[in-house]
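Opening the notebook on this one. I'll jot down what I look up as I go.

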Protein chains: 2
Amino acid sequence: MSERTIGQLAAVSNVSVETIRYYEHQGLLPAPKRRRSGYRIYSDDFLTRLGFIRRAKELGFGLKEIRDLLTLADDPQSDKKAVKSICEHHLAELEQRIEDLNHMRQALFKLAKQCDGRGSVRYCPIIESLNR
Amino acid sequence: MSERTIGQLAAVSNVSVETIRYYEHQGLLPAPKRRRSGYRIYSDDFLTRLGFIRRAKELGFGLKEIRDLLTLADDPQSDKKAVKSICEHHLAELEQRIEDLNHMRQALFKLAKQCDGRGSVRYCPIIESLNR
DNA sequence: CTTGACTCTATAGTAGACTACAGGGTTATA
DNA sequence: TATAACCCTGTAGTCTACTATAGAGTCAAG
């Protein structure tokens, strides 16, 4: 089975019908063939492409970056350098986010450790610290 | 100077006028006194409270959690345990997010390393991996 | 007293990634 | 052929934490 309606593609790809249409609208999926009735018809390529999108999302890429990656992937003329550059930008962003979260984690951990969790909130080191 | 208009509070707290009104609307700030004209008048307590909110935000708490913390802090009857519990929930969430980001970072790092960044995108290990 | 800066309320818009209608037409199955 | 299940477009709503705008009233300085 290599031609699917949107519902069938949704079923095999585990991406909802609405999301598939949304991806098309956002330029992540090309406009598919249509029946005379207007129904979209998807070839296997679209399944591959939805897999690409899913994996890129698992790496934390946003839809805009994914669209850029797909555009590069679609054109064999394009430079590997551009792909790598997008990845490295994203890597740097991930690292920044991790660092920020680690700072929060550290600070919160210290704070939570100071609180025995018993009694009234009156002398709560957490609250006191937030009130500085 | 212990009574401020909203603009003055905004200036000293570094929180915008709109955000202050928004916080009030969201229940993070109590309704302040008003002049007969309707203008809001803020005592020093509000500056402290905005500081609390800012520091809690620096720890990554969402406004809903901050509101809960403030509600607990406002009532000396409330339990320290409740405060600690909110913090530990948030800590767990931070750790989960860090773990997720670390997985992404690891995977993306490996991928980016495999790409020399030269030539056409035709045999790009990154694209190939996303296309699996 | 005028003028410009400030404040008021209520509503709408922003970003990102969807999700959910409403009001149609189409297709597959009994 | 009836009808349920599907598909179409376009628009609106969701979440979070604001930010912006409109239209009107108020305050302080000159």
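**Symmetry first**

I superposed the copies of this predicted model: chain B lands on chain A with a rotation of 180° and 0.0 Å of shift along the axis, RMSD 0.1 Å (least squares on C-alpha atoms of residues with pLDDT of at least 70 in both). That is the relation of a two-fold axis. In chain B, I98(B) has the C-alpha nearest the axis, 2.9 Å from it.

**House rules**

Residues count from 1 along each chain as its sequence is written, and chains are lettered from A and ligands numbered from 1 in the order written. Local features need pLDDT of at least 70, side-chain atom pairs count only at pLDDT 80 or more, totals for chains, interfaces and linings use all residues, and side-chain values use heavy atoms, without hydrogens and water.

**DNA strand D**

I looked up its surroundings (near: a residue heavy atom within 4 Å). There are 18 residues around strand D, and T5(A), G7(A), R21(A), R40(A) and Y39(B) come nearest. Sugar and phosphate make up 79% of the strand D atoms that come within 4 Å of the protein.

Next, polar contacts to its phosphate oxygens (N or O pairs within 3.5 Å). A polar side-chain atom of R34(A) sits at 2.9 Å, a side-chain N or O of Y23(B) at 2.8 Å, and a polar backbone atom of L63(B) at 3.4 Å.

Helix 2 of chain B gives the largest share of this surface, 3 residues (helices are DSSP runs of H or I, at least four residues, numbered from the N terminus).

How values were computed. A polar contact is a pair of N or O atoms within 3.5 Å; within protein, one must be able to donate a hydrogen and the other to accept it, and residues adjacent in sequence count only if both atoms are side-chain atoms. Helices (H or I, at least four residues) and strands (E, at least two) are DSSP runs, numbered from the N terminus.
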